Amino acid sequence: HVLPILRNPGFYLLTASFCAYMAMFSGFTYHIYPLLLALSADTQSVVFAIALIGPAQVAARILILLFKQITIKRLGLLTGLAFPLAILLLKTPPSAFTLAALCVLYGGANGIFTIVRGMAVPELLSRHNYGKINGVMLIPMSLARALAPWAIAAYWTHSGTPEGAIHVILILAILVPVLFGLAIKANRIREAGP
């Protein structure tokens, strides 16, 4: 039964963290090429940097195999913190190096966070009804994923500058670890009990 989970504040905080992640992920993915081009006229460096995202995802997943002792809670927080750091690189003077560093950091964090998403529910909420809980969470996550590219494009058009889009993506990126951390705290309070 999922009703006890729906009475758990940690469920809503974790769902909100994942919604922020999905919005940031789809918003950034669908705008990365025009955003990087708006910041740097060097098309070759932009294309090369974007091509690094996939290999960085795979490399990061292989790398975490070396850290067998790390918990999903710690992994989620560390990875979540990497997202705003990556997006902040958009605010540095663009160069082939900063674009590549941004895409490697973002790709690596994304590769690990997909694993965190799959393992956080049994770790933070419940080891029972895994499919049902994830199904309920997926509804707002899918909406966030679908709406973000459109909302960011609309804000970019309204602000007339790529800075507007970067700020929206950065806010979403900051929300990922903040909400994830609050979900961990809510879980700790619940486990401590009255």
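The following paragraphs look at the overall fold, the surface and one helix of the protein chain.

The model is a predicted one: local features need pLDDT of at least 70, side-chain atom pairs count only at pLDDT 80 or more, and totals for chains, interfaces and linings use all residues. Residues are numbered from 1 along each chain as its sequence is written, and side-chain values rest on heavy atoms, with hydrogens and water left out.

The protein chain turns out to have 8 helices and 0 strands, helices (H or I, at least four residues) and strands (E, at least two) being DSSP runs numbered from the N terminus. Its C-alpha trace spans about 55 × 40 × 25 Å along the principal axes. The radius of gyration is 17 Å, which agrees with the value near 16 Å for a compact globule of 194 residues; this radius is taken over C-alpha atoms, and the globule rule is 2.2 Å times the number of residues to the power 0.38.

Of the 194 residues, 44% are buried, meaning under 20% relative accessible area (1.4 Å probe, protein chains only). Contacts (heavy atoms within 4.5 Å) reach well along the chain: among those between residues at least 6 apart in sequence, 81% join residues at least 24 apart.

Helix α5 covers residues 72–88, and its end C-alpha atoms sit 25 Å apart, in agreement with the 24 Å expected for 17 residues at 1.5 Å a residue; the expected span is 1.5 Å times one less than the number of residues. Its buried residues include Ile72, Leu75, Phe83 and Ile87. Among the elements covering the buried residues of α5 are α2 (9–39), α4 (53–64), α6 (96–125) and α8 (162–192).

Conventions: Buried < 20%, exposed > 50% of the residue type's maximum accessible area, 1.4 Å probe, protein only.
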